[in-house]
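Biologist: Could you walk me through this protein, one question at a time? I am new to reading structures, so please show me how you reason.

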Amino acid sequence: MRNLYLLGLLLAATAAPALAQAPAPGPLAPLTVDKIMRDPAQWLGTSPSNVYWGEDGRHIYFSWNPTKDRRDSLYQVAPTGTVAPRKVPQREQRTLPASSGTYDNKYTRKVYERDGDIYLLDLKTQKTRRVTNTAERETNPDFARLDKLVSYVRTQNLYTWDPATGETTQRTDFRKGTKPASTTPTDKAERYLRAQQLALFDVVRLRDQDRQARERQQKTLARLRPKAIYLGLQTVDNLQLSPDGRYVTYTLGLEATATKVAIVPSFVTASGFTEDISSRPKVGAPQTAYELGIYDIARDTTFVLGYAELKGLDEQPAYRKEYQLPAKAPLPADSAKAAAAIKTKKKTAELRRVQPFGPYWSEDGQRAFLVMRTADNKDRWIVGLDPATQKIKLLDRQHDDAWVNGPGIGYGAGNVGWLPDNRRVWFQSEETSYSHLYTVDASTGQKQALTSGKFEIQSAQLSRDRQTWYLIANATHPGEQHFYHLPLNGGKLQQITTKPGAHEVTVSPDGRTLAVRYSYTNKPWELFVMDNKAGAKMRQLTHSTTPEFESYAWRDPEIITIKARDGADVYARLYRPAQPVAQGPAVIFVHGAGYLQNAHKWWSTYFREYMFHNLLVDKGYTVLDIDYRGSAGYGRDVRTGIYRYMGGKDLTDQVDGAKLLTDKYGVSPQRLGIYGGSYGGFITLMAMFTQPDVFKAGAALRSVTDWAHYNHGYTDNILNEPYNDSIAYARSSPIYHAAGLKGALLMCHGMVDTNVHFQDIVRLSQRLIELKKENWELAVYPVEDHGFIEPSSWTDEYKRILKLFETNLKPAGEKGGVGQ
C-alpha cells in the first residue's frame with residue numbers, strides 16, 4: 001500500500017505545473033509583471049557585495065554570482081583589472097584570513113575568529129598562528145595589555161594569550177547561579193553543638209582539622225586564580241581587560257522574565273503538520289536591564305558602576321506632561337525639610353534606566369570613556385571613566401525629546417574613538433540637527449565641531465596613519481553619497497569621488513587605492529577601483545547585468561522637491577510618460593522601513609518596485625516616490641517628524657505630493673492611487689482611511705495595522721510605550737480609522753511574517769467586516785515571511801496591484817491586460 005501511495009504522489013507531482021521558474025516570456029520590452037518579477041539572479045544579474053581587501057593589498061575580495069548559481073560565491077580580482085575576476089575555490093578560502101577582525105594599534109598584526117577558534121596574523125610576513133584549538137567556541141578576539149596579549153572569551157569568561165611565551169591565562173571566573181551557602185554555623189545552638197562534637201570525639205576533631213588545613217591550602221592557591229563571580233540570573237557580555245591589567249570590565253544583563261512571545265503558525269511545512277514559530281514580544285514588554293561591572297583584580301573585589309549623578313537622568317520625557325494631573329497645593333514654607341525629603345525620594349524613584357557601552361581606552365592606556373544611553377533613547381552621554389574610584393565625568397550629552405539616533409549614532413555606542421593625542425574623544429552627534437563629527441577634550445571638556453552644514457556624515461573613520469579622516473557624506477546633494485578626505489583636526493572637505501550616485505568605499509591596506517562599489521539610479525551596483533586622490537578615474541572591474549536587462553531603456557527619474565504645507569522641502573522621485581495624457585492617472589509609492597531613503601540617485605533596494613514603476617509609466621501613469629517625513633538622509637527634523645504621530649506629517653507629505661501632481665503635472669484628482677509595503681503599507685491604510693477623497697485605490701502590503709502589536713525596539717522610540725502614551729497609539733494605528741474607507745483597497749500579507757505578524761491583517765479584516773465594508777480584498781501568501789522570496793509570490797502580488805490600478809484609475813477603454 002505504501003508503494004502505491006508514493007506512486008500516486010509521484011504521478012500527481014509530474015502532472016502538476018513545475019515549480020521551477022519558466023524561461024523568459026519573450027523580449028523584455030514591453031515590460032510585463034511576469035517578466036520583471038522573475039528571480040533577479042536569473043535575468044537581471046547579481047551585483048558584487050561584501051567587498052574587502054586582502055591583507056597584503058594584492059587582491060580585492062567580494063561576493064558575486066555571474067554564473068546564476070543558487071548562491072553567491074567568493075571572488076577575487078587584482079586592483080589592476082588586467083585579469084578577469086575569478087571564483088575562489090573552497091579549499092583556498094579555508095587558508096584566507098577572515099575578512100573581519102581587530103588590528104593592533106600599529107597595524108602590524110590582526111587577530112580574528114574562524115569556526116570558533118582564534119588566529120593571529122602577522123601582516124608583514126602574512127603568517128598565521130593558531131591561538132586556540134578547542135571543541136568549545138572562542139569569540140570576541142582583541143588585543144590587550146597595550147597590544148602585548150591577545151584576549152578572547154570562552155564560556156562567558158575572559159582569557160588572554162601571550163604570543164611571546166604561549167601562556168594562556170584565565171582572567172575571570174564567572175559562574176551561573178548563586179554563591180554556595182557557608183558551612184560555618186551561624187546561630188548559638190549550632191555553634192554549641194559543633195563545640196560539643198569536637199570535644200567529645202577525637203576522630204571528628206582530627207578530621208575537622210584536616211579539612212581546615214585543606215581549605216587554607218585551597219585559599220592560598222585561589223589567590224593565584226580569578227575571583228569567583230556568581231551571576232545569579234544575570235548574563236555577562238563585553239568582557240575587557242584594562243591596559244594595565246588591573247581591571248576587568250563587563251556588562252551585566254538581567255532579562256525580563258515571563259515575557260509573552262507572539263507565536264506565528266506555519267501551515268505549509270515538510271512535515272504536513274502546522275508548526276509554530278516563536279517570534280517576539282510586543283511593544284511595551286519588559287526589557288533587559290543592564291549594568292557595568294568592574295572587577296578590581298588587585299583588590300579581589302567587584303563593583304557595579306553607579307551613575308545617578310548623570311545630568312538629566314531624573315528628567316522625565318516631555319510627552320508625560322500631556323498626561324499629568326493638576327499640580328497639588330505647595331507645601332507650607334516651614335516644611336523645607338519635608339519638601340527636601342520628598343524631592344530626594346522622587347528623584348531616586350524616577351531615575352531612568354541606562355545601558356552602558358564600552359569602556360573605550362586610549363592608545364596609551366591612560367584614559368577611558370563610556371557611552372551611556374537611557375532605555376527610552378532620549379539621552380546619550382559620553383563620560384570619562386576612572387575604574388579605581390568608579391567615578392564618571394560628563395564629556396557630552398545629546399538629548400532629544402523624540403529619540404536620539406542618526407548616521408554614526410544609531411541605538412548603541414555609535415561611531416566613537418580616541419584621537420592620536422590620547423586626549424580627545426571623537427564622536428558623531430545631531431547637535432545641529434545634522435549628524436556631524438565632533439571632538440571633546442577628556443581633561444578640559446572643550447568641544448570642537450570638525451564638520452558642519454546642512455548635510456550628514458554617513459560614516460567616518462581615521463586613516464591607518466591617523467592623520468586623515470575618511471568620510472562618506474551627502475554634502476553635494478541629499479540623493480548622492482561621496483567619499484571625502486578631511487584633515488585630522490578639521491578643515492576643508494576634499495571630495496574624492498565625483499560621479500553622480502552613491503559610492504561605497506573600502507580603502508586598501510596601504511591607503512593608496514580605493515575599492516568602490518558604485519551605482520546610479522538606473523545602473524545596478526558594480527565594483528570599481530581608483531587611486532585615493534581627488535580627480536582620479538574609476539576603473540570598472542565587474543559587469544553584472546545581463547543583455548536582457550540592458551535591452552530595456554530604464555528610466556532616470558527626476559528628483560524634485562515638494563513644498564509641504566508646513567513649509568518643509570520634501571524630496572521625491574518623479575516618473576512621467578514621454579507624452580503624458582491630460583488628466584491621466586497617477587500612483588504614489590510609499591517606501592517601507594520608515595527611516596530609509598529612496599528618492600536618491602543610486603540603484604534602489606526597491607528594485608522590483610523601480611521596475612514596476614517603469615511598467616506603470618509605459619502604461620501612461622505618472623509615478624511619485626516620496627521621501628516623506630521620517631525618511632533618512634535629511635537630518636534630525638525629518639527623521640523625528642513622525643514622533644508621536646505616525647500617519648501625521650508622513651501622510652500629509654503624500655497628500656501634498658498628490659496636490660502637486662494635479663496642480664503642476666496635469667494628473668486627474670479623481671485618478672490617484674497609492675501603494676507600499678511594511679511602513680508603506682501602513683501609510684497606504686492611513687491614506688485610504690483618513691484621506692478617502694484623495695486616493696481612489698490603494699494596495700497595502702505586509703502592513704502594520706496597530707502599532708501596539710509591533711516590536712519594542714522600533715515602536716517605543718517613536719510612540720513611547722502604549723500604556724504611557726495611549727494618545728499616540730490611537731491616532732497612529734489604522735485599525736482605529738477603518739470606518740473612513742471609501743476607495744478600493746487591496747491588502748497582501750505573508751502568513752509566516754515574523755516581523756509584522758499575519759495577526760495584524762486578520763484583526764483589521766475582522767474590523768472591516770464588522771464595519772460592513774465591502775470594497776476590500778485580502779490576498780494571503782502561505783509560505784512568505786515579511787520580505788517575499790518566491791518569484792511566484794512577487795508575480796501574483798504585483799499582478800493584483802496592477803489590476804487594482806487598471807480597474808479603478810482608468811476608464812474602460814484605457815485598461816490593458818493584467819499581466820501586460
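Modeller: Happy to, and keep in mind that this is a predicted model. Let's start with Asp 706, which has a relative accessibility of 4% and counts as buried.

Biologist: Thanks! Which residue forms a salt bridge with Asp 706?

Modeller: Asp 706 sits in the loop between S42 and helix H13 (712-719), and its partner lies in helix H15 (residues 758-770), so the pair ties together parts that are 57 residues apart in sequence. The partner counts as partly exposed, at 28% relative accessibility. The closest N and O atoms are 3.2 Å apart, and the partner is Arg 763.

Biologist: Which residues are joined into one network by salt bridges that share partners?

Modeller: One pair to look at first is Asp 379 and Arg 397, whose closest N and O atoms are 2.7 Å apart. The network that holds this pair consists of Glu 315, Arg 352, Asp 376, Asp 379 and Arg 397.

Biologist: How many residues apart in sequence are the parts tied together by Asp 379 and Arg 397?

Modeller: Begin with their surroundings: Asp 379 is buried at 0% relative accessible area, while Arg 397 is partly exposed at 22%. Their salt bridge has its closest N and O atoms 2.7 Å apart. Asp 379 belongs to strand S23 (residues 379-386) and Arg 397 to strand S24 (residues 391-399), so the parts they tie together are separated in sequence by 18 residues.

Biologist: Are Lys 742 and Asp 693 buried or exposed?

Modeller: These two side chains meet in a salt bridge, at 3.1 Å from N to O. Lys 742 lies in the loop between helix H14 (726-732) and strand S43 (744-750), and Asp 693 in the loop between helix H12 (679-690) and strand S42 (697-701), so the pair ties together parts that are 49 residues apart in sequence. The cut-off for the label we want is over 50% relative accessible area. Lys 742 has 54% and Asp 693 has 64%, so both residues are exposed.

Biologist: How many salt bridges does the count come to?

Modeller: We have met a few of them, including the one between Asp 706 and Arg 763 and the one between Lys 742 and Asp 693. The count comes to 46.

Biologist: Now for a sheet. Which strands are the edge strands of the open sheet S25-S26-S27-S28?

Modeller: This sheet has 4 strands, and their pairing is antiparallel. An edge strand pairs on one side only, which here applies to S25 (416-418) and S28 (447-449).

Biologist: What is the bridge partner of Gly 417 in S26?

Modeller: Strands of a sheet pair through backbone hydrogen bonds, either parallel or antiparallel. Here S25 and strand S26 (residues 424-429) pair in the antiparallel sense, over 3 bridges. Within S26, the partner of Gly 417 is Trp 426.

Biologist: Which residues form a nonpolar patch on the surface together with Val 204?

Modeller: Val 204 is found in helix H6 (residues 202-222). With a relative accessible area of 34%, Val 204 is partly exposed. The patch has about 270 Å² of accessible area together, and the residues that join Val 204 in it are Leu 200 and Phe 201.

Biologist: One last thing: how far does helix H16 reach from its first C-alpha to its last?

Modeller: H16 covers residues 791-809, which is 19 residues. Its buried residues include Trp 794, Tyr 798, Ile 801 and Phe 805. At 1.5 Å a residue, 27 Å would be expected, and the helix comes close to that, reaching 26 Å.

Conventions:
Residues are numbered from 1 along each chain as its sequence is written. This is a predicted model: local features need pLDDT of at least 70, side-chain atom pairs count only at pLDDT 80 or more; totals for chains, interfaces and linings use all residues. Side-chain values use heavy atoms; hydrogens and water are left out. Two strands pair if DSSP finds at least two bridges between them. Helices (H or I, at least four residues) and strands (E, at least two) are DSSP runs, numbered from the N terminus. Patches are made of residues with over 30% relative accessible area and no salt bridge: like charges are joined within 9 Å, nonpolar side chains (Val, Leu, Ile, Met, Phe, Trp, Tyr) within 5 Å. Accessible areas come from the Shrake-Rupley method with a 1.4 Å probe; for residues, only the protein chains shown count as cover. A salt bridge is a side-chain nitrogen of Lys or Arg within 4 Å of a carboxyl oxygen of Asp or Glu. Buried means under 20% relative accessible area, exposed over 50%, partly exposed in between (1.4 Å probe, protein chains only). The expected span of a helix is 1.5 Å times one less than its number of residues.
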